[in-house]
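Welcome! Here are some short exercises, each with a worked solution. Keep the sequence and the 3D view at hand as you go.

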Amino acid sequence: MVFYFTSEVVSPPYTIYMGKDKYENEDLIKYGWPEDIWFHVDKLSSAHVYLRLPKGLTIDGIPKEVLIDCAQLVKSNSIQGCKMNNINVVYTPWTNLKKTGGMDVGQIGFHRQKEVRLVAVEKKINEIVNRLEKTKEERFPDLAAEKESRDREERTEKKTQIQEIKRNEREEMKKKKELEELKSYSSLMKSDKMTTNEDGNDSDDFM
């Protein structure tokens with residue numbers, strides 16, 4: 001089971017989701033999208049919360065209001081963190097998550113520490129948590145199928161883009177060739193005209 005939430009503090013709204021337990025977290029780690037941002041309470045046990053970004057948006061472009069929503073949701077889903085003030089929440093792109101064979105279920109590391117961000121959470125804000133909880137939906141998605149569908153769509157888009165680039169290149173080459181042929185023809189005509197004027201056949205003497 002996966003829990004889905006909607007952050008409507010900005011328009012268009014953002015989708016936030018998390019697994020029910022550490023075993024489902026394994027599937028979320030495995031089948032995440034490049035557009036996903038992972039959130040977790042720093043140095044404490046908590047839910048693994050994911051924010052799905054629109055294509056083209058980076059981690060540094062997350063609206064502040066949405067970032068706060070994610071941090072509050074993570075804090076409220078931490079047994080220890082929800083009772084504490086002044087905690088930190090770490091977040092990083094899904095692509096930066098590292099899973100090795102020796103790790104426990106639900107445990108992860110990072111490929112590049114420099115891609116890990118930190119947001120401070122002073123205290124739990126019930127108004128935010130309650131707003132998000134009202135949008136909560138429980139689903140049983142086929143994460144593998146959704147990931148494959150997403151990847152297939154991306155491959156199709158890239159193929160279309162490559163075809164468009166090649167078509168533009170062919171058109172550009174065609175225009176360039178036509179221009180060169182036109183210049184060559186103009187040069188030839190000019191050369192023929194000069195030859196005609198210099199051969200003496202245009203004299204007015206008919207004798």
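**Exercise 1.** Where is the place of Lys43? Find it, then describe its backbone and its exposure.

*Solution.* Step one: Lys43 sits in the loop between S3 and S4. Helices (H or I, at least four residues) and strands (E, at least two) are DSSP runs, numbered from the N terminus. Step two: its phi is near 65°, a positive value in a residue other than glycine. Step three: Lys43 has a relative accessible area of 76% and is exposed. Here buried means under 20% relative accessible area, exposed over 50%, and partly exposed in between (1.4 Å probe, protein chains only).

A word on the source: this is a predicted model, in which local features need pLDDT of at least 70, side-chain atom pairs count only at pLDDT 80 or more, and totals for chains, interfaces and linings use all residues. Residues are numbered from 1 along each chain as its sequence is written, and side-chain values use heavy atoms, with hydrogens and water left out.

**Exercise 2.** Locate Asn86 and Pro12, and say what marks the backbone at each.

*Solution.* Begin with Asn86, found in the loop between helix H2 (64-76) and S5. Phi of Asn86 is near 55°, a positive value in a residue other than glycine, and at 61% relative accessibility Asn86 is exposed. Then go to the loop between S1 and S2, where Pro12 lies. The peptide bond from Ser11 to Pro12 is cis, with omega near 0°.

**Exercise 3.** In what order do the seven strands of the open sheet run? Trace them, then look for what packs on the sheet.

*Solution.* First, the order is S8-S5-S3-S4-S2-S1-S9, with antiparallel pairing; two strands pair if DSSP finds at least two bridges between them. Next, look at the edges: strand S8 (117-121) and strand S9 (137-139) each have a single partner strand, so one side of each has no neighbour in the sheet. From one strand to the next, the twist averages 30°. Axes are lines fitted to C-alpha atoms, for helices over the stretch in contact, and angles run from 0 to 180 degrees between N-to-C directions. Now find helix H1 (residues 22-30), which packs on the sheet and touches strand S1 (2-7), strand S2 (14-19) and strand S4 (49-52). Contact means heavy atoms within 4.5 Å. The direction of H1 makes about 135° with that of S2. Finally, choose one pair: strand S3 (residues 36-41) and strand S5 (residues 87-93) run antiparallel and are joined by five bridges. His40 stands opposite Val90 in S5.

**Exercise 4.** Which residues lie nearest the centre of the largest pocket? Describe its lining too.

*Solution.* Start at the centre: His40, Leu44, Ser45, Ser46 and His48 lie nearest to it, among 27 lining residues. On a 1 Å grid over the protein atoms alone, a pocket is an open set of points with protein on both sides within 12 Å along at least five of seven lines, and lining residues have an atom within 4 Å of a point. Then sort the lining: ten residues are nonpolar, eleven polar and six charged. Ala, Val, Leu, Ile, Met, Phe, Trp, Tyr, Cys and Pro count as nonpolar, Asp, Glu, Lys and Arg as charged, and the others, Gly among them, as polar. Last, see which element gives the most: S3, with three residues.

Terms used:
On a 1 Å grid over the protein atoms alone, a cavity is a set of points where a 1.4 Å probe fits but cannot get out, and a pocket is an open set with protein on both sides within 12 Å along at least five of seven lines; lining residues have an atom within 4 Å of a point.
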